[in-house]
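Biologist: I would like a close look at one part of this model, set against the chain as a whole. Please take it slowly, as for someone in a first year of study.

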Amino acid sequence: MQEVANFIQGQWVKTGATFDNINPANGKPVAVVHEANAETVHAAVSAAQAAMQGPWGKMPLAKRCQLLYKIADEIERRMDDFVALECEDVGVPEPVARAVFIGRAAHLFRLYADQAKEHMERSYSVDTPDGGKALAYTFHRPKGVVAAIAPWNVPMLLLAFKVAPALAAGNAVVAKPSEVTPRSATLLAEVMQSVGVPDGVYNVVQGFGRDSAGEYLTQHQGVMAYSFTGESTTGAAIMRAAATGLRDVSLELGGKNPAIIFADANLDAVLPGSQMSCFSNTGQICFATERTYVERALYDEYVERLTAVAQSVKIGAPFEAGVQMGPLVSQAHREKVSAAIERAVKDGGELVYGGGIPEFGDERDQGFFIQPTIVTGLPETADFVQHEIFGPVTHIQPFDDEDEVIALATNTAYGLASTIWTQNISCGHRVAAQMQSGLIWLNCWQLRDLRAPFSGHGLSGVGTQGGTESLEFFSDVSTVTLKL
Ligand code: NAD
């Protein structure tokens, strides 16, 4: 079985304390992973500190950017290897892994090289009180050693959202992938090494959160900033730890995202969007739609047609032809999602479709599959409507007018993404302006230009990721003003 080690100062470091990495499509172990202890994490941070003192710390921006382009090329060259690992770790259908998980990750390294060249320096001509001129210019310094702590749902892409701007801004990184999906971060280490990224610039520590690599990393005072994606409660714990020493945090957290479907919407366009937003990646997308509000005139038809869509979703393992939905990522996660569905029924919800475990009659029965699930009839206060489930589930509820649906859709402590479907563009803009979320999609879902920033409001995050905002996060800026 494959052994996954930590990657520190260009060396593979085994600790002897291992845990299994499981393929969620059949429940079989595919690798053993060496868990980093406090000393391992300290060694990784020290390696990153040393890299900042070495040639990397002095490398001109243009040369750093050349390395980022090479990383992108090399990820694409090793696309099949990355796709295989990501499919086996997450269970995602292969075309999605290829186009989104890895394809977009490679793109981010190129994008941040481009943006760093454009963005890292600014200058201003200044009028002075004596009628003369001054020149003000900025320079960005890297923060130093930064940590990239990633979740399991889209491992490589979400890691790249941190590592690419961190390196473009000149930092050294200690990456901690999720314990559930440890391998794409490890393969990225091979990529870094093969394109000549200096040792210590990108390090990987493996392990869990509490009393493990995650916590040791957040307690280490050598780390100057944390870019984290994961659950809101974990984000709060990281923020508390980072408060010691006033280290910076950027937190992309959970969501409980609404979709609003007005009666004039074209269901032929809405339904493919709903299928994606409710069921793609088995609902394990922070932007997934778990609350759907449909104008009453369209409600019955929508429930009926989305049910037909849910029934038709092809469930299976990543490399099966035509598969649209893989398993949930782990046994523990399936138990959590199943419990949420059972609770919804106890709370008075109608299980319109799903909730069950599909039977295949082969090794997939040992995997962690679940049916796409549609629930109706719950009160707004129900757990199913208020708390993130992170599975292929949605609750559908009718509404009668615009004010009512705005109140319903914003009745959540989260604020990550909202989707609005209407052919009335004025209505769409009016409602969009009142959504308390960082991302709002009008007549589409998950259409994203990676240059655009995104942020979570409320329990969904602190700070802004993506776009030039990530370069800002990973930099300390200074302004020099020169009287001419
Ligand atoms: P998680 O919070 O359990 O774990 C995320 C990472 O943090 C893992 O690497 C984990 O080992 C580590 N960790 C856990 N506890 C820690 C601690 N105390 N200190 C330091 N590190 C710790 O999240 P998850 O279950 O891996 O991912 C699912 C969550 O991520 C969902 O809530 C989802 O909405 C969220 N998410 C958000 C976005 C976004 O952009 N807003 C994107 C994807 C996923």
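How many helices and how many strands are there in the protein chain? After that, please look closely at the open sheet that contains S1: in what order do its three strands lie?

Modeller: This is a predicted model, so the values below are computed from it. The protein chain holds 16 helices and 25 strands. Along its principal axes, the C-alpha trace spans about 70 × 65 × 40 Å. A compact globule of 484 residues would have a radius of gyration near 23 Å, and the chain agrees with this because its own value is 23 Å. Of the 484 residues, 59% are buried. Among contacts in the chain with a separation of 6 or more, 74% are between residues 24 or more positions apart.

Now to the sheet you asked about. Its three strands lie in the order S1-S5-S4, the sheet is open and the pairing is mixed. S1 (2-4) and S4 (18-23) are the edge strands, and each of them pairs on one side only. On average, neighbouring strands here are turned by 35° against each other, with direction ignored. S4 is joined to S5 (residues 28-34) by six bridges, and the two pair in the antiparallel sense. To find one place where they meet, look at Ile22, which stands opposite Pro29 in S5.

Two helices pack on this sheet. One is helix H4 (residues 79-90), which touches S1, S4 and S5 and whose direction makes about 95° with that of S4. Helix H7 (residues 183-195) also touches S1, S4 and S5; the direction of H7 makes about 80° with that of S1.

In the stretch between S1 and S4 there is a residue with an unusual backbone angle. Most residues other than glycine have a negative phi. Gln9 is not a glycine, yet its phi is positive, at about 55°. This residue is found in the loop between S2 (6-8) and S3 (11-13). Gln9 counts as partly exposed because its relative accessibility is 34%, and partly exposed lies between 20% and 50%. For comparison, Leu246 also has a positive phi without being a glycine, here of about 45°. Its loop runs between helix H9 (232-243) and strand S12 (248-252). With a relative accessibility of 78%, Leu246 counts as exposed.

Next comes the interior. Nonpolar side chains tend to be buried together in soluble globular proteins. The largest nonpolar core in this model has 98 residues, and those with the most contacts inside it are Ile71, Ile75, Phe109, Leu188, Tyr202 and Phe287. At least three residues of this core come from each of domain 1 (2-253 + 460-483) and domain 2 (257-450). Ile75 is a useful residue to centre the view on: leaving aside residues up to four places away in sequence, it touches Phe82, Ile102, Ala106, Phe109, Met156, Leu188 and Val191. There is also a second, separate core of 26 residues, which includes Tyr293, Ala344, Val431 and Ala432.

It helps to set your sheet beside another open one. Three strands in the order S6-S7-S25 form it, and their pairing is antiparallel. S6 (123-127) and S25 (475-483) are at its edges with a single partner strand each, so one side of each has no neighbour in the sheet. From one strand to the next, the twist averages 25°. S6 and S7 (residues 133-142) run antiparallel and are joined by five bridges. One of the bridge pairs links Asp127 with Lys133 in S7.

A parallel pair can be seen as well. S13 (residues 257-261) and S14 (residues 289-295) run parallel, with five bridges between them. The bridge partner of Pro258 in S14 is Arg291. S13 is largely enclosed by the rest of the structure, because five of its five residues are buried. Asn257, Ala259 and Ile261 point one way from S13, while Pro258 and Ile260 point the other way.

One last residue shows a helix position in contact with distant parts of the sequence. Gln115 belongs to helix H5 (residues 94-119). Gln115 counts as buried because its relative accessible area is 11%, and the limit is under 20%. Residues up to four places away aside, Gln115 touches Met120, Arg451, Gly467, Thr468 and Leu471.

Methods
Residues numbered from 1 in each chain as written. Heavy atoms only, no water. Pairing = 2+ DSSP bridges. Helix = DSSP H or I, 4+ residues; strand = E, 2+ residues; numbered from the N terminus. Axes fitted to C-alpha atoms, helices over the stretch in contact; angles between N-to-C directions. Contact = heavy atoms within 4.5 Å. Core = buried A, V, L, I, M, F, W, Y, C linked by side-chain atoms within 4.5 Å. Buried < 20%, exposed > 50% of the residue type's maximum accessible area, 1.4 Å probe, protein only. Domains from an automatic or database assignment. Rg over C-alpha atoms; globule rule 2.2 N^0.38 Å.
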